[in-house]
Each structure stands twice: as C-alpha cells, then as structure tokens.
Amino acid sequence: MESLLAASFSLPAAAFSPPSSLSSTSSSPHALRSAVAGAARAVRCSAAKDSILYALEHDEMFNSAEVIQWESGKSINSIAAAQGIRIRRRCRPRYPSEGSGADKAVPRNMLEQIIWDKEVEVSQRKAKKPLQKVIESSQHAPPARDFVGALTAAYSRNVAPALIAEVKKASPSRGVLREDFNPVEIAQSYEKNGAACLSILTDEKHFQGSFENLETVRNSGVKCPLLCKEFVIDIWQIYYARSKGADAILLIAAVLPDLDIKYMLRICKNLGMTALIEVHDERELDRVLKIDGVQLIGINNRSLETFKVDTSNTKTLLEKRGDLIRDKGILVVGESGLFTPDDVAYVQNAGVSAILVGESLVKQENPGQAIAGLYGKDLLH
Ligand SMILES: O=C(O)c1ccccc1NCC(=O)[C@H](O)[C@H](O)COP(=O)(O)O
C-alpha cells in the first residue's frame with residue numbers, strides 16, 4: 001500500500017490511485033498516515049496541504065477528486081469547469097477554494113444529483129471494502145470478454161447497427177419501466193434474439209439497478225459481453241465492476257475531467273475491459289477525440305441534465321466529426337430514444353456501428369422478441 005501511496009504523490013497520472021488506502025480500515029493506518037503527512041508537507045499549494053493535513057487529523061478517507069486537487073492546487077470543480085464540465089462535485093467546505101456558498105448545497109440538475117448521491121455511496125462502499133480488497137477480488141473474476149469484437153462481428157453479420165440491449169428497471173426520466181423485473185430472464189431473452197452485448201444498470205437509487213444484477217447475469221451462462229452502466233467517479237468502481245464480471249464500463253464525459261478519463265482508460269486496458277465513453281455535445285466529443293486509446297464513443301441523444309431526447313444529436317455530431325472518428329478507427333454507439341426501424345435506419349445512416357436501447361425493449365412483454373420489431377427484421381446471432 002505504501003508504494004501505491006508513494007506513486008500517488010510522485011506521478012500525476014497515478015495521482016488517482018489509492019488514497020483510499022488511508023482509510024481507517026487499512027492494515028497499518030499509522031504508517032500510512034505518517035507517509036502521507038510527509039508527502040503533504042512537500043505539496044506546493046498551501047490549500048491542498050491544509051486539506052490533506054485536515055483529513056489526516058480528522059481520520060477521514062480520501063478520494064480521487066481530493067488527490068487531483070492536492071496535485072494541481074486547484075479545486076476539482078475549477079479544473080472541470082475549465083474543460084466545459086457543468087456537473088459539479090459535492091465539495092465539502094473545508095476546501096478554501098470551494099467556498100461554502102448556499103448555491104453549492106443544491107444540485108442544479110438530475111445528473112448532478114446522481115453524482116452527488118454517488119459520491120456518498122462510493123465513499124460508504126469504500127469504507128466497507130477498500131480499494132486494495134476490490135483489486136484483489138477483480139483478479140479472481142472470470143476474464144473480461146471482447147466487447148468491441150462482439151459489436152463488430154454483429155454489425156458484419158446483420159449489416160445493421162449491433163445491439164447493446166439494456167437491462168433497466170427504472171429511470172429518473174421515465175419512472176418504473178417494468179414491474180416484474182427479472183434481470184436474468186431479460187438478459188437471456190435479449191441474447192436469444194440477437195443482442196450483441198448487454199448493458200446492466202447498477203445504480204440503485206435512481207435506476208433500481210444493482211451490482212448483484214450484474215453478477216447474477218454474468219453467472220447465468222449469458223455469453224454476451226456486459227457493460228456496467230454506472231456513474232463512475234472513482235477508479236474503485238471500475239475494479240468493483242470487474243470483480244462482479246463486467247466486460248465494459250461507461251465513462252461519462254459530462255462528469256469526468258480529461259485526466260480522469262485518461263487514467264480510467266488505462267485501468268480499463270489493464271483489466272482487459274472496454275470503456276464506452278459517452279458524450280452529448282460537440283465540446284465533449286472534441287475533448288474525447290484528443291484522448292489516445294479511445295475505441296468506443298457513445299453519443300447520447302438524451303440530455304442527462306434536461307432529459308430532452310433528440311435523435312438528430314447523433315447525426316449532427318457525426319456530420320461534424322465523423323471523418324475524424326473514422327480515421328481514428330473509433331466505433332460509435334447511438335444511445336437513447338430509439339423505438340422504430342426508422343430510428344435505427346436514421347442513426348445507421350448517420351454512421352453508428354451500434355445502438356444502445358433500453359426503454360423501447362424492456363417495456364415490452366417479451367423484451368427479446370421486441371428486438372425484431374425495433375429492427376424490422378430478425379437479428380442473426
Ligand atoms: O434515462 C434516464 O432518465 C437517465 C437520466 C439521467 C442519466 C441517465 C439516464 N439514462 C441513461 C441512458 O442514457 C439510457 O439508459 C440509455 O441510453 C438507453 O436509453 P433508452 O433506450 O431511451 O432507454
């Protein structure tokens with residue numbers, strides 16, 4: 001643990017690694033705390049130094065956002081805002097640069113609410129199972145399967161966008177989509193009817209999903225690679241998803257600063273996982289296109305801030321950046337609001353290789369059989 005800790009203070013890219021090892025549940029908290037106190041004294045920015053020393057004194061657990069702040073001497077929200085990210089982190093007022101204004105206490109939209117709830121959830125989960133333990137569990141998981149390979153093969157087989165079919169019980173914009181929700185039955189029915197990959201919602205509070213659903217589907221004999229549909233803010237979640245059998249994970253550009261995306265991509269690669277990096281607008285797309293190693297970009301037609309769905313978003317962004325995306329060999333997934341064969345043809349003509357579909361399938365009595373209705377034909381598998 002000490003070496004990880006040392007790395008987190010010497011290499012900027014590694015700075016997101018496991019400050020959680022400072023949790024009071026760590027095996028030698030005293031030694032770790034001394035090591036961090038030493039490192040803290042060497043940090044140039046006095047606000048950052050104060051934050052670290054404060055956390056040590058108050059026996060608090062660290063998270064990745066805090067480490068970024070220490071390294072750069074800037075607040076996570078100011079780093080993010082400079083990149084056009086409007087979603088703020090729920091900052092504790094101990095950071096002088098954050099202030100403690102009343103507006104900071106209220107999330108500005110649903111995505112921000114989800115992220116603030118996620119910060120609480122992840123810190124509670126980390127307290128129960130520190131990063132080191134999750135890393136160990138991830139090493140015992142069945143090997144990750146080839147998510148991009150499954151999409152490419154399905155596209156060639158069907159000459160139609162490969163389907164990532166979503167196992168989703170509820171959503172903030174639509175409420176409960178399916179009362180009799182059996183994730184394994186839905187997953188098997190999707191696979192039988194030609195889905196290339198599956199997306200499993202794991203957020204409990206807003207989507208009534210769970211990591212247990214992910215694990216149960218993985219252990220049920222379903223062969224399609226699985227995307228963990230989560231709101232990732234911390235590398236802990238990536239290792240946790242892998243430990244539960246995920247083959248791919250969602251990274252949302254509206255939430256994550258560039259350096260987080262880069263570092264998380266590296267972790268995914270080391271774990272053999274695919275990252276689906278989701279964008280909603282041109283600015284986010286341009287940020288992601290500057291990052292090396294991106295294989296899969298999702299263009300979400302739903303604004304996660306307003307819930308407005310507009311399928312022309314996929315077309316507009318691909319008209320602007322399609323050539324560059326093709327030159328880079330990146331596959332594009334059209335996400336959200338797809339209900340009919342015309343919708344599928346529309347995003348296919350815009351240039352997507354795959355689509356991510358939840359509501360229009362999961363709401364039907366037989367979600368798998370609904371796939372033929374969505375495509376206007378049976379899919380080969
Ligand atoms: O769906 C929501 O209400 C939502 C709200 C806030 C953040 C994310 C949200 N959904 C995630 C997704 O984008 C969709 O689950 C996915 O793209 C499938 O969309 P759909 O086919 O429209 O169910």
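# Close-up views of the barrel, its core and nearby helices

**View A. C228 stands opposite I249 in β6.** The model shown here and in the other views is a predicted one. Strand β5 (residues 226-229) runs parallel to strand β6 (residues 248-252), and the pairing spans 2 bridges. In general, strands of a sheet are held in pairs by backbone hydrogen bonds, in either a parallel or an antiparallel manner. If you follow the pairing onwards, 8 strands close into a barrel in the order β1-β4-β5-β6-β7-β8-β9-β10, with parallel pairing. From one strand to the next, the twist averages 25 degrees. For the wider setting, the protein chain holds 17 helices and 10 strands.

**View B. Helix α9 (residues 183-192) packs on the sheet.** The strands touched by α9 are β1 (162-167) and β4 (197-201), and the helix direction makes about 170 degrees with that of β1. How many residues of α9 are buried? The count is 7 of its 10 residues, so you can think of the helix as mostly covered, with buried meaning under 20% relative accessible area. The buried ones are P183, V184, I186, A187, S189, Y190 and E191. What do these buried residues pack against? Their partners are β1 and β4, along with the helices α10 (211-218), α16 (359-362) and α17 (370-375). It helps to remember that an α-helix has 3.6 residues a turn, so residues three or four places apart point the same way.

**View C. Here are the two ends of α9, with N182 at the start and G194 after the helix.** At the start, a side-chain oxygen of N182 comes to within 3.1 Å of the backbone nitrogen of V184. After the helix comes G194, and its phi is positive, near 100 degrees.

**View D. Y190 is among the residues with the most contacts inside the largest nonpolar core.** That core has 105 residues, and L163, L198 and I355 share with Y190 the distinction of having the most contacts inside it. Helix α12 (residues 258-271) gives the core its largest share, 7 residues. Why does the core lie between two domains? Domain 1 (4-106) and domain 2 (147-375) both contribute residues, so the core sits between them. Zooming in on Y190, and setting aside residues up to four places away in sequence, you will find it touching A165, E166, V167, A195, L198, G358, L361, V362, P367, G368 and I371.

**View E. Strand β8 (residues 296-300) is largely enclosed by the rest of the structure, because 5 of its 5 residues are buried.** Which residues cover each face of β8? L296, G298 and N300 lie on one side, I297 and I299 lie on the other, and all of them are buried. As a rule, side chains in a regular strand alternate between the two faces of the sheet. Strand β7 (residues 274-279) pairs with β8 in the parallel sense over 4 bridges. Look for E278, which stands opposite G298 in β8. Across the protein chain, buried residues make up 57% of the 381 residues.

**View F. Helix α6 (residues 110-128) carries E112.** Is E112 buried or exposed? With 0% relative accessibility, E112 counts as buried. The side chain of E112 is joined to that of R88 by a polar contact of 2.7 Å. Beyond residues up to four places away in sequence, E112 touches R86, I87, R88, V106 and P107.

**View G. S243 lies in helix α11 (residues 235-243).** S243 counts as buried because its relative accessibility is 13%. A polar atom of the S243 side chain lies 2.6 Å from the backbone oxygen of Y240. Apart from neighbours within four places in sequence, S243 is in contact with V134, S137, S138 and A141.

**View H. Q139 is found in helix α7 (residues 131-139).** Its relative accessibility is 58%, so Q139 counts as exposed. How far apart are the C-alpha atoms of Q139 and I76? They are separated by 31 Å, for residues 63 apart along the chain. As a closing note on the whole protein chain, among contacts with a separation of 6 or more, 68% join residues 24 or more positions apart.

Terms used: Residues numbered from 1 in each chain as written. Predicted model: local features only at pLDDT ≥ 70, side-chain atom pairs only at ≥ 80, totals over all residues. Heavy atoms only, no water. Pairing = 2+ DSSP bridges. Axes fitted to C-alpha atoms, helices over the stretch in contact; angles between N-to-C directions. Contact = heavy atoms within 4.5 Å. Core = buried A, V, L, I, M, F, W, Y, C linked by side-chain atoms within 4.5 Å. Buried < 20%, exposed > 50% of the residue type's maximum accessible area, 1.4 Å probe, protein only. Domains from an automatic or database assignment. Polar contact = N/O pair within 3.5 Å; in protein donor to acceptor, adjacent residues only side chain to side chain.
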